[in-house]
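User: I have a model open on my screen and I'd like to learn how to read it. Could you walk me through it, feature by feature?

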Amino acid sequence: MSNYILKQFSQQPAMIDISFTLNGETTTITTDPLRRLLDILRDDLGLTGTKEGCGEGECGACTVLLDGKPVTSCIVNAVAVHGHDVTTIEGVSASPDGRLLIDCLYEAEAVQCGFCFPGIVMSALAYMRAGGIADNERIRAALAGNLCRCTGYEFIVKGVAEACRRWRDL
Ligand code: FES
Ligand code: FES
(Lines give C-alpha, C1' and ligand atoms only; values in the text may rest on other atoms or scores of the structure.)
(Ligands and ions follow the chains in the order given, each with its own letter.)
Protein backbone atom coordinates (compact mmCIF):
# COMPACT_ATOMS: atom_id res chain seq x y z
CA MET A 1 0.00 0.00 0.00
CA SER A 2 1.40 3.38 -0.95
CA ASN A 3 2.25 5.99 1.65
CA TYR A 4 -0.48 8.18 0.15
CA ILE A 5 -3.20 5.59 0.79
CA LEU A 6 -1.87 4.86 4.27
CA LYS A 7 -2.05 8.56 5.02
CA GLN A 8 -5.67 8.74 3.86
CA PHE A 9 -6.61 5.86 6.17
CA SER A 10 -4.84 7.45 9.10
CA GLN A 11 -6.85 10.65 8.56
CA GLN A 12 -10.23 8.92 8.76
CA PRO A 13 -11.85 9.62 12.13
CA ALA A 14 -12.68 6.58 14.24
CA MET A 15 -16.44 6.08 14.24
CA ILE A 16 -18.26 5.09 17.43
CA ASP A 17 -21.86 4.39 18.40
CA ILE A 18 -23.49 7.18 20.39
CA SER A 19 -26.78 6.44 22.16
CA PHE A 20 -28.84 9.14 23.79
CA THR A 21 -32.40 10.18 24.44
CA LEU A 22 -33.59 12.75 21.94
CA ASN A 23 -36.93 14.42 22.57
CA GLY A 24 -38.00 11.43 24.61
CA GLU A 25 -36.88 8.72 22.19
CA THR A 26 -33.80 6.53 22.36
CA THR A 27 -31.53 7.40 19.45
CA THR A 28 -28.35 5.68 18.29
CA ILE A 29 -26.01 6.99 15.63
CA THR A 30 -22.59 5.96 14.40
CA THR A 31 -20.38 8.98 14.12
CA ASP A 32 -17.06 10.67 14.68
CA PRO A 33 -16.98 11.24 18.46
CA LEU A 34 -15.80 14.80 17.89
CA ARG A 35 -18.62 15.69 15.52
CA ARG A 36 -20.63 18.68 16.72
CA LEU A 37 -24.01 17.95 18.28
CA LEU A 38 -25.40 20.78 16.13
CA ASP A 39 -24.39 18.97 12.93
CA ILE A 40 -25.75 15.66 14.17
CA LEU A 41 -29.10 17.25 14.91
CA ARG A 42 -29.41 19.24 11.70
CA ASP A 43 -27.58 17.17 9.11
CA ASP A 44 -27.82 13.59 10.37
CA LEU A 45 -31.21 13.66 12.09
CA GLY A 46 -32.99 16.38 10.11
CA LEU A 47 -33.89 18.49 13.14
CA THR A 48 -33.29 21.85 11.52
CA GLY A 49 -35.15 23.87 14.16
CA THR A 50 -31.84 24.33 15.98
CA LYS A 51 -30.01 27.15 14.21
CA GLU A 52 -26.36 27.96 13.63
CA GLY A 53 -25.25 31.54 14.11
CA CYS A 54 -21.70 32.15 15.26
CA GLY A 55 -20.56 28.54 15.53
CA GLU A 56 -18.40 29.55 18.49
CA GLY A 57 -20.66 29.27 21.52
CA GLU A 58 -21.40 32.99 21.66
CA CYS A 59 -24.82 33.71 20.14
CA GLY A 60 -27.08 31.02 21.62
CA ALA A 61 -28.90 30.29 18.34
CA CYS A 62 -27.98 26.61 18.62
CA THR A 63 -29.13 26.17 22.24
CA VAL A 64 -30.61 22.80 23.20
CA LEU A 65 -31.18 21.20 26.59
CA LEU A 66 -28.68 18.60 27.75
CA ASP A 67 -30.06 16.85 30.83
CA GLY A 68 -32.34 19.84 31.23
CA LYS A 69 -29.62 22.48 31.10
CA PRO A 70 -29.15 24.85 28.17
CA VAL A 71 -25.99 24.21 26.14
CA THR A 72 -24.76 25.62 22.87
CA SER A 73 -24.76 22.60 20.60
CA CYS A 74 -22.12 24.07 18.28
CA ILE A 75 -19.47 23.45 20.94
CA VAL A 76 -20.76 20.12 22.29
CA ASN A 77 -19.15 17.03 20.81
CA ALA A 78 -21.05 13.84 20.01
CA VAL A 79 -19.28 11.87 22.71
CA ALA A 80 -20.56 14.28 25.37
CA VAL A 81 -24.18 13.27 24.78
CA HIS A 82 -23.71 9.51 25.01
CA GLY A 83 -26.07 8.26 27.72
CA HIS A 84 -27.64 11.66 28.21
CA ASP A 85 -30.92 13.39 27.49
CA VAL A 86 -31.20 15.99 24.72
CA THR A 87 -34.22 18.18 24.03
CA THR A 88 -34.47 20.35 20.94
CA ILE A 89 -37.05 22.89 19.87
CA GLU A 90 -38.86 20.09 18.02
CA GLY A 91 -39.51 18.39 21.36
CA VAL A 92 -40.71 21.47 23.21
CA SER A 93 -44.28 21.76 22.00
CA ALA A 94 -44.97 18.21 23.22
CA SER A 95 -44.74 19.45 26.80
CA PRO A 96 -47.42 21.63 28.42
CA ASP A 97 -44.93 24.16 29.78
CA GLY A 98 -43.16 24.35 26.43
CA ARG A 99 -46.42 24.90 24.58
CA LEU A 100 -47.43 27.59 27.08
CA LEU A 101 -44.08 29.34 26.71
CA ILE A 102 -44.29 29.40 22.91
CA ASP A 103 -47.86 30.71 23.06
CA CYS A 104 -46.88 33.49 25.47
CA LEU A 105 -43.91 34.52 23.31
CA TYR A 106 -46.13 34.73 20.24
CA GLU A 107 -48.77 36.69 22.16
CA ALA A 108 -46.08 39.12 23.34
CA GLU A 109 -44.97 39.55 19.72
CA ALA A 110 -41.49 38.43 20.72
CA VAL A 111 -40.69 36.92 17.33
CA GLN A 112 -39.52 38.99 14.40
CA CYS A 113 -37.11 37.27 11.99
CA GLY A 114 -37.26 34.23 14.28
CA PHE A 115 -33.65 33.14 13.91
CA CYS A 116 -32.92 33.43 17.62
CA PHE A 117 -36.29 32.04 18.64
CA PRO A 118 -35.53 28.31 19.05
CA GLY A 119 -32.51 29.06 21.23
CA ILE A 120 -34.42 31.57 23.31
CA VAL A 121 -37.24 29.10 23.87
CA MET A 122 -34.76 26.48 25.10
CA SER A 123 -33.07 28.84 27.57
CA ALA A 124 -36.40 30.24 28.78
CA LEU A 125 -37.82 26.76 29.24
CA ALA A 126 -34.84 25.75 31.36
CA TYR A 127 -35.44 28.90 33.43
CA MET A 128 -39.12 28.03 33.94
CA ARG A 129 -38.33 24.43 34.84
CA ALA A 130 -35.81 25.59 37.42
CA GLY A 131 -38.68 27.41 39.15
CA GLY A 132 -38.01 30.74 37.46
CA ILE A 133 -40.39 33.54 38.37
CA ALA A 134 -41.75 36.52 36.44
CA ASP A 135 -38.85 38.77 37.34
CA ASN A 136 -37.50 40.79 34.43
CA GLU A 137 -33.92 40.98 35.68
CA ARG A 138 -33.72 37.26 36.36
CA ILE A 139 -35.22 36.46 32.99
CA ARG A 140 -32.70 38.75 31.27
CA ALA A 141 -29.90 36.98 33.15
CA ALA A 142 -31.24 33.58 32.11
CA LEU A 143 -31.29 34.72 28.48
CA ALA A 144 -27.92 36.48 28.61
CA GLY A 145 -26.36 33.88 26.31
CA ASN A 146 -29.01 34.31 23.61
CA LEU A 147 -28.48 37.19 21.21
CA CYS A 148 -31.37 38.72 19.30
CA ARG A 149 -30.69 41.36 16.67
CA CYS A 150 -34.32 42.30 16.09
CA THR A 151 -36.45 42.73 19.17
CA GLY A 152 -34.50 44.62 21.80
CA TYR A 153 -35.46 41.80 24.22
CA GLU A 154 -38.33 43.70 25.84
CA PHE A 155 -41.07 41.62 24.22
CA ILE A 156 -39.13 38.42 24.77
CA VAL A 157 -38.80 39.13 28.50
CA LYS A 158 -42.48 40.06 28.63
CA GLY A 159 -43.47 36.78 27.00
CA VAL A 160 -41.31 34.68 29.30
CA ALA A 161 -42.61 36.53 32.38
CA GLU A 162 -46.19 35.88 31.31
CA ALA A 163 -45.41 32.20 30.80
CA CYS A 164 -43.91 32.01 34.31
CA ARG A 165 -47.00 33.67 35.75
CA ARG A 166 -49.46 31.41 33.95
CA TRP A 167 -47.46 28.26 34.68
CA ARG A 168 -47.42 29.09 38.38
CA ASP A 169 -51.18 29.67 38.37
CA LEU A 170 -52.07 26.42 36.63
S1 FES B 1 -24.14 28.95 16.78
FE2 FES B 1 -23.77 28.05 18.69
S3 FES B 1 -23.59 29.71 20.05
FE4 FES B 1 -23.75 30.65 18.09
S1 FES C 1 -36.10 37.84 16.18
FE2 FES C 1 -34.51 38.17 14.74
S3 FES C 1 -32.69 37.67 15.84
FE4 FES C 1 -34.24 37.57 17.30
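Analyst: Sure, we'll go from the whole chain down to single residues. One thing up front: this is a predicted model.

User: Let's start wide. How many helices and strands does the protein chain have, and what pattern do they follow along the sequence?

Analyst: The secondary structure comes to seven helices and five strands. Read along the sequence, the pattern is α-β-β-α-β-β-β-α-α-α-α-α. The C-alpha trace spans about 70 × 30 × 25 Å along its principal axes. Of the 170 residues, 38% count as buried. As for contacts with a separation of 6 or more, 60% of them are between residues 24 or more positions apart.

User: Which domains does the domain assignment give?

Analyst: The assignment gives domain 1, residues 13–89, and domain 2, residues 93–169. Their C-alpha centres lie 22 Å apart. The contact between them takes 14 residues from domain 1 and 12 residues from domain 2.

User: Which elements give two or more residues to the domain 1 side of that contact?

Analyst: Those are β3 (63–66) and β4 (69–72). β3 gives the most, with three residues. By residue type, the domain 1 side divides into seven nonpolar, five polar and two charged.

User: Now a single helix. What span should helix α7 have, and how far apart are its ends?

Analyst: A helix has an expected rise per residue, so you can check its length against the model. Helix α7 covers residues 154–169, which is 16 residues, and at 1.5 Å a residue it should span 22 Å; its end C-alpha atoms are 23 Å apart, so the two agree.

User: Which residues of α7 are buried, and what covers them?

Analyst: The buried ones are Ile156, Val157, Gly159, Val160, Ala161, Ala163 and Cys164. The elements that cover them include α4 (96–107), α5 (117–129) and α6 (136–142).

User: How do I describe two packed helices?

Analyst: You give the angle between their axes and the distance between the axes. Take α5 and α7: their axes come within 11 Å and cross at roughly 35°. The crossing is right-handed.

User: Which residues meet there?

Analyst: From α5 you have Ile120, Ala124 and Met128, and from α7 there are Ile156, Val160, Ala163, Cys164 and Trp167. The residues of this contact divide into eight nonpolar, no polar and no charged. Ile156, Val160, Ala163 and Cys164 also turn up among the buried residues of α7.

User: What about helix α2, which residues are buried there?

Analyst: In α2, residues 37–44, the buried residues are Leu37, Leu38, Ile40 and Leu41. What covers them includes β2 (25–31). After α2 comes Gly46, with a positive phi near 75°.

User: What sign does phi have in most residues other than glycine?

Analyst: Most residues other than glycine have a negative phi. That makes a positive value worth a look in any model. Here, Asn23 has a positive phi of about 50° although it is not a glycine. Asn23 sits in the loop between β1 (16–22) and β2. Tyr153 is another non-glycine with a positive phi, about 75°, and it lies in the loop between α6 and α7.

User: Are Asn23 and Tyr153 buried, exposed or partly exposed?

Analyst: You count C-beta neighbours inside 10 Å, and 20 or more would make a residue buried. Asn23 has 19, so it counts as partly exposed. Tyr153 has 18, so it is partly exposed as well.

User: How far apart in sequence and in space are Gln112 and Cys150?

Analyst: Sequence separation and spatial distance are two separate readings. Gln112 and Cys150 are 38 residues apart in sequence and 6.4 Å apart in space, C-alpha to C-alpha. Gln112 lies in the loop between α4 and α5. Leaving aside its neighbours within four places in sequence, Gln112 is in contact with Cys150 and Thr151. With 14 other C-beta atoms within 10 Å, Gln112 is partly exposed.

User: And how far apart are Asp135 and Asp43?

Analyst: Asp135 and Asp43 are 92 residues apart in sequence and 37 Å apart in space, C-alpha to C-alpha. Asp135 lies in the loop between α5 and α6. It has 13 C-beta neighbours inside 10 Å, so it counts as partly exposed.

How values were computed:
Residues numbered from 1 in each chain as written. Chains lettered and ligands numbered in written order. Predicted model: local features only at pLDDT ≥ 70, side-chain atom pairs only at ≥ 80, totals over all residues. Helix = DSSP H or I, 4+ residues; strand = E, 2+ residues; numbered from the N terminus. Expected span 1.5 Å × (residues − 1). Buried ≥ 20, exposed ≤ 12 C-beta atoms within 10 Å, placed from the backbone. Contact = placed C-beta atoms within 7 Å. Domains from an automatic or database assignment. Nonpolar A, V, L, I, M, F, W, Y, C, P; charged D, E, K, R; others polar. Axes fitted to C-alpha atoms, helices over the stretch in contact; angles between N-to-C directions. Left-handed = near helix turned anticlockwise from the far one by under 90°.
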